[in-house]
Amino acid sequence: MLTKNIEKALNNQIKIEAESSQIYLAMACWAEVKGLEGVAGFMYKQSDEEREHMLKLVRFVNERGGHAQISALKAPNVTFNSFKEMFEKLFEHEVFVSESINELVHITLQEKDYSTHNFLQWYVSEQIEEEAMARTILDKINMIGNDKGGLYLFDRDIQQLTVSSASSTSPE
Ligand code: FEO
């Protein structure tokens with residue numbers, strides 16, 4: 001059984017994951033209308049993964065005697081000055097999500113809720129991978145600079161880059 005405090009904190013994370021999904025969906029749309037098909041595909045996939053992160057939390061809350069709250073979401077940014085700026089925002093957002101997960105883990109220890117603590121370890125690992133991937137992408141973008149050929153290759157190659165852990169290690 002979840003304590004009220006944990007339930008509230010998990011519901012807050014549900015909202016954050018749902019907003020993440022919307023943020024990346026908006027990025028996918030921006031990339032798609034700019035003709036960056038590869039980047040768009042990558043962002044659509046990221047958006048789907050965030051929805052999975054959200055659903056995993058939703059089911060956990062409901063199964064543990066809580067009530068998952070589906071709430072109104074903050075509208076995401078829909079335009080960007082450059083694709084570099086867009087990926088910088090993705091990285092910043094993942095750092096924010098990691099901080100939020102860490103805070104959640106901290107609360108479970110305070111409340112001595114070891115099963116939720118255990119459940120959250122998947123998210124802790126996932127965030128390490130997501131941040132690492134975002135950093136790798138930013139390194140590539142910095143190498144490309146303003147080289148149009150480089151951008152073409154980047155758009156082609158990014159489709160191979162995914163956070164595979166989300167689908168391969170998901171404990172569903
Ligand atoms: Fe679900 Fe990208 O954090």
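**Two pockets and a buried glutamate**

In this predicted model, 16 residues line the largest pocket, and those lying nearest its centre are I23, K74, P76, N77 and H93. The space inside comes to about 320 Å³. Helix α1 gives the largest share of this lining, with six residues. Both α1 and α3 (83-110) put in at least two residues each. Sorted by class, the lining of the largest pocket breaks down into nine nonpolar, four charged and three polar residues.

Helix α1, which spans residues 4-33, also holds E19. What does E19 touch, once residues up to four places away in sequence are set aside? The answer is L73 and K74, and K74 turns up again among the residues nearest the centre of the largest pocket. As for exposure, E19 has a relative accessibility of 12%, so it counts as buried, the cut-off being under 20%.

The second largest pocket holds about 190 Å³ of space. Its lining is made up of F83, K84, I141, N142, G145, N146, D147, K148 and L151. Three helices each bring at least two residues to this lining: α3, α4 (114-144) and α5 (148-157). Here the classes split evenly, with three nonpolar, three polar and three charged residues. Helix α3 thus appears at both sites, supplying at least two residues to the lining of the largest pocket and at least two to that of the second largest.

Conventions: Residues are numbered from 1 along each chain as its sequence is written. This is a predicted model: local features need pLDDT of at least 70, side-chain atom pairs count only at pLDDT 80 or more; totals for chains, interfaces and linings use all residues. Side-chain values use heavy atoms; hydrogens and water are left out. Helices (H or I, at least four residues) and strands (E, at least two) are DSSP runs, numbered from the N terminus. Buried means under 20% relative accessible area, exposed over 50%, partly exposed in between (1.4 Å probe, protein chains only). Contact means heavy atoms within 4.5 Å. On a 1 Å grid over the protein atoms alone, a cavity is a set of points where a 1.4 Å probe fits but cannot get out, and a pocket is an open set with protein on both sides within 12 Å along at least five of seven lines; lining residues have an atom within 4 Å of a point. Grid points are joined across faces, edges and corners, and a volume is the space filled by probe spheres set on the points. Ala, Val, Leu, Ile, Met, Phe, Trp, Tyr, Cys and Pro count as nonpolar, Asp, Glu, Lys and Arg as charged, and the others, Gly among them, as polar.
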